[in-house]
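Work through the exercises below with the model open. Each task is followed by a worked solution.

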Amino acid sequence: MQIEKTAELNLLWGSLILEELARLGVQHVCMAPGSRSTPLTLAAAKQTKLKQHLHFDERGLGFLALGLAKASLAPVAIITTSGTAVANLYPAIVEAWLTHVPLIVLSGDRPPELLDCGANQAIVQPAIFGNYAQQVNLPTPDQSIRPEALLTTLDNAIANQSQPVHINCMYREPLYPQTMSADFSDYLSTLGNWQHVSQPYTQYGKPKLESAPTADALARFVHGKGVIVAGTLAAHEKPELIVELAQKLGWPILTDAQSQLRQHGATIGNIDQLLLQPKAIALLDQADKVLVFGGRLLSKRLMAFLSEHKWKSYWQVLPRQQRLDPSHTTKQVWLSSISAFSNLPWPRSSQANWSVSLTTLNERLATLFEQQIDNGEFGEAQVIRSIATQTDQKLFIGNSLPIRLYDMYAPISSTSAQVYTNRGASGIDGLLATACGIAAHNKQATTLIIGDISQLHDLNSLAIAAQLTSPLVIVVLNNDGGNIFNLLPVPDEKLRNDYYRLAHGFEFGYAAAMFGLAYNQVDDIVSFNEVYRDAIAHPGASVIEVTVAQDQASTQIARLASWIKQS
């Protein structure tokens with residue numbers, strides 16, 4: 001093939017890739033500028049089936065894609081150039097792999113003859129993500145490789161995808177076609193009807209892998225005092241069906257912050273704090289059966305209860321086969337949807353309503369939190385509880401202290417927001433970018449609760465927030481450092497201050513101004529509620545900085561824990 005047609009064949013391959021991804025369900029493509037990825041960028045630019053998102057920082061771009069994929073429940077494509085641009089996606093890819101979010105990395109790369117020879121911006125990109133992404137390493141575009149081979153390679157990698165795929169695309173120069181004069185009709189002729197339909201070249205059926213206990217097994221399992229644990233669950237998994245099952249059995253539901261049921265009035269939402277209370281512990285010690293939906297629990301007390309208790313039967317229900325139990329407890333794992341499992345012919349438990357007093361204890365804690373948090377000193381828990389009373393929005397809760405405060409103290413509510421987190425690797429990077437992706441796809445009011453250190457990690461993503469047209473309220477809890485370490489057994493205060501807290505003295509007003517975002521700083525709950533109401537109605541992103549003392553949250557947590565232990 002003549003050298004001047006290289007750029008046109010590169011673009012043709014890029015166009016085939018982007019078209020097939022759109023047919024495979026991709027709705028969004030996230031791009032960062034770069035020269036070596038030009039065939040992919042030009043193909044994406046003319047692809048009308050994909051919503052395009054651009055950002056200058058690949059790390060934020062990866063997390064933006066993560067949020068878009070979580071919200072759309074569909075794969076999201078990411079286009080980067082060669083070199084460290086690809087490496088900057090690593091944190092988002094790790095999080096996506098651990099939480100089964102389908103991301104597709106399309107990385108531009110040098111051809112083989114330019115690797116390991118001192119060529120500019122050339123690194124070894126195949127397998128760069130290790131075990132955290134499926135590899136597809138494409139050769140340089142060549143007319144001797146049939147287009148149907150390219151399409152079937154993509155179909156096999158992407159169909160039924162539930163975790164990241166890395167498609168490395170090697171391109172020889174020239175990369176920028178001056179014309180599109182090359183005639184590729186013969187080359188494309190073997191594709192047959194594909195050019196005139198909207199389906200992928202190869203259409204794979206959906207795999208169904210479900211297991212279920214027999215009616216006899218159900219009858220044996222419900223004979224006794226049992227508890228149901230709702231772990232990390234997405235809204236589309238219909239966790240509300242667990243409530244119906246619990247009412248049928250007569251067993252209590254212990255809820256995780258990420259279960260979508262944490263604030264539900266028919267559940268035991270305050271389980272983390274109840275496990276401090278002697279009466280609650282004594283009652284729960286009577287349980288001999290446990291049914292766990294999902295995994296990745298947040299509360300260490302709940303995890304310890306599950307691992308240390310002597311269960312006669314331990315069942316866990318997961319949507320796919322994976323290990324989600326750090327304690328390695330012996331158990332029966334059922335692979336099933338919540339819908340299918342809750343619709344089994346469950347009999348009522350022989351010990352229905354055995355734990356009614358647990359509900360009373362849970363309600364007493366709710367009253368205590370109203371008195372001591374809502375009507376107490378201004379602080380992080382008070383702000384989180386205030387936000388959690390809002391409905392009809394998406395709520396993204398940052399790692400470290402915010403998600404723990406929500407888990408410990410979220411209020412009971414008749415309706416609550418859909419909750420998102422990044423709790424696969426539980427990093428504090430990319431939280432704002434992920435929330436931006438959720439807000440960009442849903443186009444609904446979204447609130448991000450984020451700590452100051454986490455926000456400093458992701459300042460560049462304020463540029464993504466500035467492009468939003470739907471409400472995104474960025475609530476920064478600024479306690480001047482990583483004050484979750486106040487809760488951890490660091491040997492002494494000097495070590496804590498010098499090496500863990502990382503006090504910085506920064507405020508976020510100038511950062512908001514730099515990116516053209518509305519900004520308010522508050523230090524009392526009345527002011528917070530006032531500016532929050534305005535922000536949630538604002539058509540775009542805005543920042544509310546909540547200024548609190550370094551030890552406010554940790555002191556309040558310790559004080560509440562002391563009261564609960566003595567009650």
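The exercises cover the nonpolar cores, two helix pairs and one strand residue of this predicted model.

**Exercise 1. The cores**

Task: Find which residues of the largest nonpolar core touch the most other members, then list the contacts of F528.

Solution:
- Step 1. The largest nonpolar core holds 90 residues. L291, F293, W346, F528 and V546 touch the most other members.
- Step 2. Set aside the neighbours of F528 within four places in sequence. F528 then contacts V383, S386, I387, V475, V522, I544 and V546.
- Step 3. Look for a second core, separate from the one above. It has 50 residues, among them A32, L89, A133 and F508.

**Exercise 2. The pair α15 and α22**

Task: Describe how helix α15 and helix α22 cross, and which residues make the contact.

Solution:
- Step 1. Locate the helices: α15 spans residues 380-388 and α22 spans residues 525-536.
- Step 2. Their axes come within 11 Å and cross at roughly 35 degrees. The crossing of α15 and α22 is right-handed.
- Step 3. From α15, the contact uses Q382, V383, S386 and I387. From α22, it uses I525, F528, N529 and Y532.
- Step 4. Sort the contact residues of α15 with α22 by class: five nonpolar, three polar and no charged.

**Exercise 3. Helix α16 and its partner**

Task: Decide whether α16 is largely enclosed or not, and describe its crossing with α23.

Solution:
- Step 1. Helix α16 covers residues 401-409. Its buried residues are L401, P402, I403, L405, Y406, D407, M408 and Y409.
- Step 2. Eight of the nine residues of α16 are buried, so the rest of the structure largely encloses this helix.
- Step 3. The axes of α16 and α23 (residues 552-566) come within 12 Å and cross at roughly 25 degrees. Angles under 35 degrees count as roughly parallel, so α16 is roughly parallel to α23. The crossing of α16 and α23 is left-handed.
- Step 4. L401, L405, M408 and Y409 of α16 meet A553, I557 and L560 of α23. By class, this contact has seven nonpolar, no polar and no charged residues.

**Exercise 4. L395**

Task: Is L395 buried or exposed? Which residues does L395 contact?

Solution:
- Step 1. L395 lies in strand β12, residues 394-397.
- Step 2. The relative accessible area of L395 is 1%. Buried means under 20%, so L395 is buried.
- Step 3. L395 and Q418 are 23 residues apart in sequence. Their C-alpha atoms are 5.9 Å apart.
- Step 4. Beyond its neighbours within four places in sequence, L395 contacts I387, Y406, A417, Q418, V419, Y420, T447 and I449.

Key: Residues numbered from 1 in each chain as written. Predicted model: local features only at pLDDT ≥ 70, side-chain atom pairs only at ≥ 80, totals over all residues. Heavy atoms only, no water. Core = buried A, V, L, I, M, F, W, Y, C linked by side-chain atoms within 4.5 Å. Buried < 20%, exposed > 50% of the residue type's maximum accessible area, 1.4 Å probe, protein only. Contact = heavy atoms within 4.5 Å. Helix = DSSP H or I, 4+ residues; strand = E, 2+ residues; numbered from the N terminus. Axes fitted to C-alpha atoms, helices over the stretch in contact; angles between N-to-C directions. Left-handed = near helix turned anticlockwise from the far one by under 90°. Nonpolar A, V, L, I, M, F, W, Y, C, P; charged D, E, K, R; others polar. Parallel < 35°, antiparallel > 145°, perpendicular 65-115°, else oblique.
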